[in-house]
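This report covers a surface patch and two backbone positions. Please keep the sequence and structure in view while reading.

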Amino acid sequence: MGDWHAPQGPFDIPDVPDCIPRWLKPWLFIFFVLIIQFSGGLYLAAVSDMVGTTALMQEDILMAGYAQLVGMSINFAVMFRLKFRFSNRVSLLACCIVLLVSTVICANTSSVPVLVIVCFIAGWFRMWATFACNSTIQLWITPTRDMAVFFCYVYLIVDGVIQLSGVATVYTAFFWQWEYMHWIMVALLVLMMVMVLALVKPVKGPMQIPLLGIDWIGAGLWSVVMLCFTFICVYGNFYDWWDSREIVGATLLGTVALAINLWRASFLHHPYVSFQALTNRNVIRATVVYLVFFTIMATEHVFEHSYAEAILGFDETNMVDLNWYVFAGIIVGVAITYATFCLRRWRYKTMTAIGFAFAVAYLAYFYFLIDYDVEKEMLFVPLFLRGAGSVIISIVFLTSIVQSGLHFFVFPQALTINGFTGAVMGATLGPALIGEFLRHVMAKNAAIMSASFDAVNPAAAHMPLGQLFGVVQRQALVVSMKEIYGWLLIVGIASLLVILVSYGPIRPAAFFPKWKTIRRAVRRVVAPRSQSALN
């Protein structure tokens, strides 16, 4: 990215008055980031409670939750423009208001379209507020503007909060009701607004850059593409895939929106996502790695909950306690990445191999471990490995996007693609594929077991039909999960071997340009448009 340097003098935040100690100012913004990350409108950890108390299906709640990820991803392309247009005070207050209203609406509505739209908007403003805070303390985190170091912090916060918010949501629902989590977040957002009003001054940058030249039509069309893709993955099994009008309609709508986007990108001077970003080698490589890695790790969404509940008999609190194991893996994964990738400059190939090695160990552990009488403590190792491997891959390939050689105006577009492939597709495509695979494998195994169950177990002749069906389904689930873990393990080992034999000498060298350099560059692009608008 070029043009970087260590700042002169001690770090300070001019937005915060000097009555606040200088060492405390960055921690104030980290506190804001934590509140923003915990908010967002809907909590997927409370899906079973919401299904039980509302008219919503599990697919409806997942669709709304993933719509929030779409909103966050689509914001990447304009987040720098928002940074240069509004002060931190205005940005944080606006985002708090929107998130507060979104949280209240999500706690009081059972309308699926309303939930999806509100969560999409909440995701947009959640990303805006997060970037406003993190960009303010970036030089405090890494004075040399090393983005590998910065992304270690980002993923520690983001992935860590995902696990902790699940714990907080489930225990809130256990002791009170799931809606109370929303009211707790409303109180924290009000607290944050009061703190922003009292402690953050309306400091404006040297140049207030207007929001001109942004392809808002393209932003809407890309949002449609992402939402249609999410709809197909979430509702595909429910609607029986392309045998239903709903899935066919979503496919057609998404395809048309994608075609229009690509057509407009062929002649627009500043499309929302350009061909330069779509065809960049690092972006394509990251997309392929994300698809393979998060598909083989999709058992997290498909198997782990079913296994813990149906086979091991865990209740909600015991299941959510497993988040602590993943959280420990995230912390260690970030520490490993910082010590090797950031400080020692290990190659991208080496770090990718480490991430896939964690994934292979996770799959192998479950393949050999899975049984009917596994203790909760025995799940620590595979969940720890999953958390560490996922965060390593995310940090490494987001850093590779920064080091892709793209012009700074194209770089945010690449982040949008990265957000969609890493977060949205990683959370929806893999579970859809593995879930469909499980359905077919389980039907096959259940049929085989039903045919031979009487011969193997003579007592089955005296079982009630319902109990017999439950025993067969339970055994078929375990056998099917072991079979799929085995196939995914083969894919993981093959992927690891491909990585090991590939040639990858590149080491991390991703540095962020100075903010004043970025501001001047954006100003040069927007100034002619501002002049033409005035004329």
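## Nonpolar surface patch

In this predicted model, F174, F175, W176, Y180 and W183 make a nonpolar surface patch of about 620 Å². Two elements, helix 8 (147-175) and helix 9 (179-199), each give two or more residues to the patch.

Among the patch residues, Y180 is found in helix 9. Y180 has a relative accessibility of 37%, so it counts as partly exposed; the partly exposed class runs between the 20% limit for buried and the 50% limit for exposed.

## R145: positive phi in a buried loop residue

R145 is not a glycine, yet its phi is positive, at about 60 degrees. R145 sits in the loop between helix 7 (138-141) and helix 8.

Is R145 buried or exposed? R145 counts as buried because its relative accessibility is 4%, and buried means under 20%.

## R345: positive phi in a partly exposed loop residue

R345 is another residue that has a positive phi of about 60 degrees although it is not a glycine. The loop that holds R345 lies between helix 17 (323-343) and helix 18 (348-369).

The relative accessible area of R345 is 22%, so R345 is partly exposed. To put the two arginines side by side: R145 is buried at 4%, whereas R345 is partly exposed at 22%.

Terms used
Residues numbered from 1 in each chain as written. Predicted model: local features only at pLDDT ≥ 70, side-chain atom pairs only at ≥ 80, totals over all residues. Heavy atoms only, no water. Patch = residues over 30% accessible without salt bridge, like charges linked within 9 Å, V, L, I, M, F, W, Y side chains within 5 Å. Areas by Shrake-Rupley, 256 points an atom, 1.4 Å probe, with all protein chains shown as cover. Salt bridge = Lys/Arg side-chain N within 4 Å of Asp/Glu carboxyl O. Helix = DSSP H or I, 4+ residues; strand = E, 2+ residues; numbered from the N terminus. Buried < 20%, exposed > 50% of the residue type's maximum accessible area, 1.4 Å probe, protein only.
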